[in-house]
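Colleague: I am new to this structure and would like a close look at a single part of it. Please take one strand and describe its surroundings.

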Amino acid sequence: SSSRGISLTERAACYILDELIIQVKLHFKSSVILTNSQRGNTMVYTVGEMAKMLEVPASTLRYYDKEGLLPFVERSPGGMRMFQEKDFEWLQVIGCLKKAGMPLRDIRVYIELAMQGDDTIGERLALFEHQREVLREQMEQLQRTMDVLDYKCWYYETAREAGSVGAVQQLDAAQIPERFRSVRGELRSAPGTDRSSKETEGEIA
């Protein structure tokens, strides 16, 4: 009958569905066992999870990967990056070097050297020493910039109280806070000129 035909069709469909579910479960179970043996039962994180731990956008880690900065991160059989806790320090160092202004090519060289083992300790040290000097120079330049900004803040605060920038321009060196005297001198004098002769000249408002 037609009702029996429908029932047989439904039973056949349910049987096929059950078989598919069993096969998927078996495949998933075997994949987990294989993956765990490769990981040594350690925690594995997605790009998004690791990015959250580092407090950076996931796109940053994908950019690192594109630039060849993640050879130490394992891949899944499907080609996905599998981040582990041991990768956290690597990524922190990469972020630090980028903030310090190290070019990506040099960061890549550092990673390649590190993965070669102890024979490259000296070369790695040289890379970090060089970047430390670069960063020190940048910090000195930033400090000089901050000094100028501090001076100009004092300049306009004083001008506001006096009601005119002219009053501040006419102050001699002894009337200016000591920490701003050298800053004003550098602003008023070109390198190699006599700063003392410029002290009484005006400056831009």
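Modeller: What follows looks at strand 3 and the strands beside it, and then at the chain around them. The model is predicted. Strand 3 covers residues 81–84. Its side chains are split between two directions: Arg-81 and Phe-83 point one way, while Met-82 and Gln-84 point the other way. This fits a general pattern, since side chains in a regular strand alternate between the two faces of the sheet. All four of these residues in strand 3 are buried.

Strand 3 has pairing partners. One is strand 1, residues 44–45, which runs antiparallel to strand 3 and is joined to it by two bridges. In this pairing, Tyr-45 lies opposite Phe-83. Another is strand 2, residues 74–75, also antiparallel to strand 3 and also joined to it by two bridges. Here Glu-74 lies opposite Met-82. Strand 2 and strand 3 make a hairpin, with five residues between them. Gly-79, in the turn of that hairpin, has a positive phi of about 90°.

As for the rest of the chain, there are eight helices and three strands. Along the sequence they follow the order α-β-α-α-β-β-α-α-α-α-α. The chain has 205 residues, and 26% of them are buried. Of the contacts between residues at least 6 apart in sequence, 46% join residues at least 24 apart. The chain exposes about 14,400 Å², of which carbon and sulfur atoms supply 57%.

Notes. Residues are numbered from 1 along each chain as its sequence is written. This is a predicted model: local features need pLDDT of at least 70, side-chain atom pairs count only at pLDDT 80 or more; totals for chains, interfaces and linings use all residues. Side-chain values use heavy atoms; hydrogens and water are left out. Buried means under 20% relative accessible area, exposed over 50%, partly exposed in between (1.4 Å probe, protein chains only). Helices (H or I, at least four residues) and strands (E, at least two) are DSSP runs, numbered from the N terminus. Two strands pair if DSSP finds at least two bridges between them. Contact means heavy atoms within 4.5 Å. Accessible areas come from the Shrake-Rupley method with a 1.4 Å probe; for residues, only the protein chains shown count as cover.
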